[in-house]
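Student: Could we go through this one together? I'd like to know what stands behind the labels people put on it.

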Amino acid sequence: MKLVETLCVDENELRGKVVWVTGASSGIGEELAYQLSRIGALLAISARREDELERVKKKCLRNNLSDKDILVLRLDLTDRSSHEAATNSVLKHFGKIDVLVNNGGRSQRSLFVDTNLDVYSAIMELNYLGTISLTKHVLNHMIQRKKGKIVTVSSVMGIMGAPLASGYCASKHALQGFFNSLRTELTDYPEISIINICPGPVQSKIIQNVFTENLAKSIENSGDQSHKMPTDRCVRLTLVSTANDLKEAWISDHPYLAVCYLWQYAPTWAWWLMNRMGKRRIQNFKSGVVSLFLSPLQLCGVVSCSCNTAWQVVFFLLCFC
């Protein structure tokens, strides 16, 4: 994160740009709308809940934007037949799309052995297929203009594995693989940027709308989120990464960020550590705690109680990452 904050171009480079944000009715997407409106970007905000989008728009209008500067566009990512018309609606209103932020999606909290396969189908339909479907229509416009930015809010779960989120991790791995491959197909268009944002645990309402072992069940206890990164900080780093055309940004606090580096550079230790964390995480889940990540205190306890050498590896990464 220190590297991101020292980059030469700040998020104000997005002033006056047309930015389409999906999943804008809550969480990271909602905060993106607020910070982009303060910068002076022109906004298309989408989600399924139009009433919530109107609430977000009303708050954005306090930042010296006019009514026509913000387009509320109801969108269901799973209704792929509607994506072309939705793209055309944004183009009709603004005449262009400079930045698409693929932020819509849902997480998961359930064990694979307990989860119906239709849950996995729904996760992939929303998080993966819905995202690449919308991207396809917007990309056609960007290719015609020979410029644009496609920003996808993936997750650190797209570069590692974690218990209770096998379907979510699979969908984020799919997004990582797709957009990293798409980038290689666009070398004739150097001004079209493919940017993957990988947040760690962030304070948001995503936990309140997660997939569980069946499509009809919801989570009753969202758990403590105080150890997670504030949403506004995650979004600011996302916008700085976008302005600077970073291909990939891991946005997280330690010790979670250190675990990402462990997966990258010492995968054997990472597998060992995640197995230890996973056991504790599943125990917490069965006792009614649903957070995907252990708190920093719990994480340190898992490592220090298990193997001093592994903790030394994590400490080394904390010092040098």
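Tutor: What follows is a round of questions and answers about a predicted model.

Student: Fine. How many helices and strands are there, and how much of the chain is buried?

Tutor: The chain has eleven helices and seven strands. Of its 321 residues, 53% count as buried. As for contacts between residues at least 6 apart in sequence, 74% of them join residues at least 24 apart.

Student: On to helix packing. Why are α2 and α7 called oblique?

Tutor: Helix α2 covers residues 27-39 and helix α7 covers residues 231-243, and they pack at about 60 degrees. Roughly parallel would need an angle under 35 degrees, and roughly perpendicular starts at 65. The pair fits neither class, so α2 and α7 are oblique to each other. Their axes are 9 Å apart, and α2 passes α7 in a right-handed crossing.

Student: Which residues of α2 and α7 meet there?

Tutor: From α2 you have G27, I28, E31, L32, Q35, L36 and I39, and from α7 there are T231, D232, C234, V235, R236, T238 and L239. Sorted by class, that contact has seven nonpolar, four polar and three charged residues.

Student: What makes α4 and α5 oblique?

Tutor: The reasoning runs along the same track. Helix α4 (residues 83-94) and helix α5 (residues 117-145) cross at roughly 45 degrees. That value falls between the 35-degree limit for roughly parallel and the 65 degrees where roughly perpendicular begins, so the two helices are oblique. Their axes come within 9 Å, and the crossing is right-handed.

Student: What does α4 bring to its contact with α5?

Tutor: H83, E84, T87 and L91 come from α4, and they meet G130, S133, L134, H137, V138 and H141 of α5. By class, this contact has three nonpolar, six polar and one charged residues.

Student: F94 is in α4 as well. How do you know whether F94 is buried or exposed?

Tutor: Buried means under 20% relative accessible area. F94 has 17%, so F94 is buried. Leaving out residues up to four places away in sequence, F94 touches V18, L42, L43, A44, K68, D69, I70 and L71. The C-alpha atoms of F94 and L43 are separated by 9.1 Å, with their positions 51 residues apart along the chain.

Student: D69 is one of those contacts. Where is D69, and what decides whether D69 is buried or exposed?

Tutor: D69 sits in the loop between α3 (50-60) and β3 (70-74). Its relative accessibility is 13%, under the 20% limit, so D69 counts as buried. With the same sequence neighbours left out, D69 touches L42, L43 and F94.

Student: And V101, buried or exposed?

Tutor: V101, in strand β4 (residues 99-102), has 6% relative accessibility and therefore counts as buried. Beyond its sequence neighbours up to four places away, V101 touches V19, W20, V21, T22, L32, V151 and V153. The C-alpha atoms of V101 and K149, 48 residues apart along the chain, are 8.3 Å from each other.

Student: How do you know that C198 is not bonded to C260?

Tutor: A disulfide needs two cysteine sulfur atoms within 2.5 Å. The cysteine sulfur closest to that of C198 belongs to C260, and the separation is 8.0 Å, too far for a bond. The structure holds zero disulfides. Both residues are buried: C198 has 0% relative accessibility, and C260 has 2%.

Student: What about the backbone: what is notable in the phi of L164?

Tutor: Phi of L164 is near 70 degrees, a positive value in a residue other than glycine. L164 lies in the loop between β5 (148-153) and α6 (166-185), and with 3% relative accessible area L164 is buried.

Student: D245 also has a positive phi. Why is D245 called partly exposed?

Tutor: Partly exposed runs between the 20% and 50% limits. D245 has 34%, so partly exposed is the label that fits. Phi is about 55 degrees for D245, in the loop between α7 and β7.

Student: Last one: what kind of peptide bond joins H254 and P255?

Tutor: A cis one, with omega at about 10 degrees. P255 is placed in the loop between β7 (248-251) and α8 (256-265).

Technical notes: Residues numbered from 1 in each chain as written. Predicted model: local features only at pLDDT ≥ 70, side-chain atom pairs only at ≥ 80, totals over all residues. Heavy atoms only, no water. Axes fitted to C-alpha atoms, helices over the stretch in contact; angles between N-to-C directions. Helix = DSSP H or I, 4+ residues; strand = E, 2+ residues; numbered from the N terminus. Parallel < 35°, antiparallel > 145°, perpendicular 65-115°, else oblique. Left-handed = near helix turned anticlockwise from the far one by under 90°. Contact = heavy atoms within 4.5 Å. Nonpolar A, V, L, I, M, F, W, Y, C, P; charged D, E, K, R; others polar. Buried < 20%, exposed > 50% of the residue type's maximum accessible area, 1.4 Å probe, protein only.
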